[in-house]
Amino acid sequence: MENIIFNHYRSKKNKRPFYDFSKIKESKELDLTTLNIGLGDAIALTCLTHQSSKKLNIFSGNKHWQTLCKFNSALNPIGESKNYIRTELIELYDVGNGHIDQRLQRTLGLPVQRLPKPYLHPTAPLNKKRNKVALHFSTGVSAFDLLQHGFVNPRQLEDWAQKEILKFIDDSNLEFVEFGMEQKFQHSKVKDFTKTSVEDSINEMATCEYFMGLNSGFMSVAAALDLKSVIIVNVPDVKDLYLPVIQECSAEDMNWLYPQNVHLHQNGENELVKKLSVANIQKAFDGEIYPFWSHKFLDLIF
């Protein structure tokens, strides 16, 4: 597996411009924010809170911010600075490899964590249940920004793919609960938790063992809660989907996809990523598809 990943990135080049971040890296205090509107954009900032080397004032006007502050006490619910660094601008430059969480940590002079993840702590008593699966198949409007890059129906679930997932649910002994703004799976085996608040959704997701869904803010919630996640994608092109990202090469969405997750593609497959089907969903849950519910490949970015 290591050879497959290294061979894929061997000839890739980082085309992003250089910027001298040394002053930011050396600073002991930083004011950080994001102006992006998505849930995942706001959650990404929590990856910076699991350290003690710097004093960070992290605030955002994101509509989900006050809710997220309940799940992470290191976030500031009040804006107290006129000189915030917008973290989404950092990635316009060459900030190295890995997941967006690891790139932010590296650029800000923080320890780069082996396992990229946000940090959310449930606000309700935790009663985790084995074999319980969180489903989430709706995305924010920012997904359609990818139309300009030639992707068709980006980050969405195709009708045929939805039918494959329904077949898997039919044959499965797992317990399912669906989240998001739109119910996709009206099925007797699926508990409907859609159209509920983000706070209630996070607390309910914390009781699950697995997550299956799209590249969305709820994918980041699942990572924060350490759920075993199967992500259904149609971006990037399957020829570009090799994780972890050991050399930045500007393939769309690769900075957001977590290398600890299993990915099933709707438009094809490669040596590490299989095409979505009932059989491959089952293999994913059984730990038979890369990275096999293992963290052993995360060190490759170093």
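Tyrosine 290 counts as buried, with a relative accessibility of 7%. Its ring forms an aromatic pair with phenylalanine 292, and the two meet edge-to-face: 6.1 Å centre to centre, with 85° between the planes. Phenylalanine 292 sits in another class, because its relative accessibility of 32% makes it partly exposed. So here a buried ring, tyrosine 290, pairs with a partly exposed one, phenylalanine 292. Keep in mind that what you're looking at is a predicted model.

Now for another ring pair. Phenylalanine 168 and phenylalanine 176 are also edge-to-face, at 6.2 Å centre to centre and 85° between the planes. Are these two rings buried or exposed? Phenylalanine 168 is buried, at a relative accessible area of 2%, and phenylalanine 176 is buried too, at 1%. The cut-off for buried is under 20%, so both values fall on the buried side.

Here are the two pairs in a table.

| Aromatic pair | Centre to centre | Between the planes |
|---|---|---|
| Phe168 and Phe176 | 6.2 Å | 85° |
| Tyr290 and Phe292 | 6.1 Å | 85° |

There's plenty more of this in the model: the structure holds 13 aromatic pairs. Some of the rings join up into a cluster, where ring pairs link Phe168, Phe176, Tyr210, Phe285 and Trp293.

On to the backbone. The chain has 10 helices and 10 strands. Three of the strands make an open sheet with parallel pairing, in the order 2-1-3. At the edges are strand 2 (55-58) and strand 3 (85-86), each of which pairs on one side only. Strand 1 covers residues 29-33 and runs parallel to strand 3, joined to it by 2 bridges. Which residue of strand 3 is the bridge partner of leucine 32? That's isoleucine 85. As for what holds such strands together, strands of a sheet pair through backbone hydrogen bonds.

Finally, step back and take in the whole chain. Its C-alpha trace spans about 55 × 45 × 35 Å along the principal axes. A compact globule of 302 residues would have a radius of gyration near 19 Å, and the chain has 19 Å, so the two agree. Buried residues account for 56% of the 302. Take the contacts between residues at least 6 apart in sequence: 67% of them join residues at least 24 apart. The accessible surface of the chain is about 13,900 Å², and carbon and sulfur atoms supply 49% of that.

Methods
Residues numbered from 1 in each chain as written. Predicted model: local features only at pLDDT ≥ 70, side-chain atom pairs only at ≥ 80, totals over all residues. Heavy atoms only, no water. Pairing = 2+ DSSP bridges. Helix = DSSP H or I, 4+ residues; strand = E, 2+ residues; numbered from the N terminus. Phe/Tyr/Trp six-rings, centres within 6.5 Å; stacked < 30°, edge-to-face > 60°. Buried < 20%, exposed > 50% of the residue type's maximum accessible area, 1.4 Å probe, protein only. Rg over C-alpha atoms; globule rule 2.2 N^0.38 Å. Contact = heavy atoms within 4.5 Å. Areas by Shrake-Rupley, 256 points an atom, 1.4 Å probe, with all protein chains shown as cover.
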